[in-house]
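Dear colleague,

I am passing on the structure below, together with some notes on what I found in it. Please read the notes with the coordinates open beside them.

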Amino acid sequence: MVRPLGELEDAVMTRVWKWNRPVTVREVLEDLKLERSIAYTTVMTVMDNLHQKGWVRRESEGRAYRYEAVSTRDAYAASLMNEDWGRSDNRAAALVAFFRMMSADQQEALRDAVRMVQGPGPGPTAEPPAPPAESASRAEPASRAEPEDSTAPSAEASAPPSAEPAPPAPGPADGDGGR
């Protein structure tokens with residue numbers, strides 16, 4: 001289960017993701033101090049907690065550790081969205097409600113993402129696939145049906161490719177930290 005980051009955890013991870021390199025507690029502390037008063041031990045505890053949860057990995061460097069993100073902010077956001085969407089009793093209605101909340105820029109980003117997932121498709125001049133000859137409810141029983149012509153394309157072959165679900169985004173369970 002992906003749990004949302006707390007406010008301070010998010011502030012720390014924002015820096016780790018933004019810098020995109022191994023960082024020390026001291027570096028994160030100095031940057032956080034530009035916005036708020038905070039103790040070194042507080043930042044150290046938060047970074048240790050993030051390590052224990054699997055959000056960061058760490059390597060010893062002298063008497064300190066360098067911390068590095070296990071996955072990207074985008075993968076984290078995708079995990080949260082996927083988990084929450086999975087809780088819905090009516091996923092289509094949840095998506096419609098979500099789409100209606102989107103700004104025009106977000107809707108365009110969604111269209112771009114769908115195009116990326118689907119890959120190259122038929123061009124604008126391509127004809128849509130033909131509908132099935134008859135519905136399954138009117139089909140003859142298999143015992144009386146005529147044998148299929150093995151040279152004719154099957155309904156599966158003429159159907160448009162469906163978008164496969166994306167592989168799960170790397171999350172905290174993929175890290176080297178224990179729970």
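Which residues does Thr24 touch, not counting residues up to four places away in sequence? In this predicted model, Thr24 touches Tyr65 and Arg66 once those neighbours are set aside. Thr24 itself is found in the loop between helix 1 (7-19) and helix 2 (25-32), and it counts as buried because its relative accessibility is 14%, which is under the 20% cut-off.

Arg66 also leads to Glu61, since the side chain of Glu61 makes a polar contact with the side chain of Arg66 at 2.9 Å. Glu61 is found in strand 1 (residues 56-61) and, with a relative accessible area of 44%, is partly exposed. Although Glu61 and Thr24 are 37 residues apart along the chain, their C-alpha atoms are separated by 9.3 Å.

Turning to the interior, the largest nonpolar core holds 24 residues, of which Val12, Met13, Leu32, Val43, Met47 and Leu50 touch the most other members. Two or more residues of this core are given by each of helix 1, helix 2, helix 3 (40-53), strand 2 (64-69) and helix 4 (73-86), and the largest share, six residues, comes from helix 1.

For Leu50, one of the residues that touch the most other core members, the contacts beyond its neighbours within four places in sequence are with Leu5, Glu9, Val12, Met13, Trp55 and Val56.

With best regards

How values were computed:
Residues are numbered from 1 along each chain as its sequence is written. This is a predicted model: local features need pLDDT of at least 70, side-chain atom pairs count only at pLDDT 80 or more; totals for chains, interfaces and linings use all residues. Side-chain values use heavy atoms; hydrogens and water are left out. Helices (H or I, at least four residues) and strands (E, at least two) are DSSP runs, numbered from the N terminus. Buried means under 20% relative accessible area, exposed over 50%, partly exposed in between (1.4 Å probe, protein chains only). Contact means heavy atoms within 4.5 Å. A nonpolar core is a set of buried Ala, Val, Leu, Ile, Met, Phe, Trp, Tyr and Cys residues joined through side-chain atoms within 4.5 Å. A polar contact is a pair of N or O atoms within 3.5 Å; within protein, one must be able to donate a hydrogen and the other to accept it, and residues adjacent in sequence count only if both atoms are side-chain atoms.
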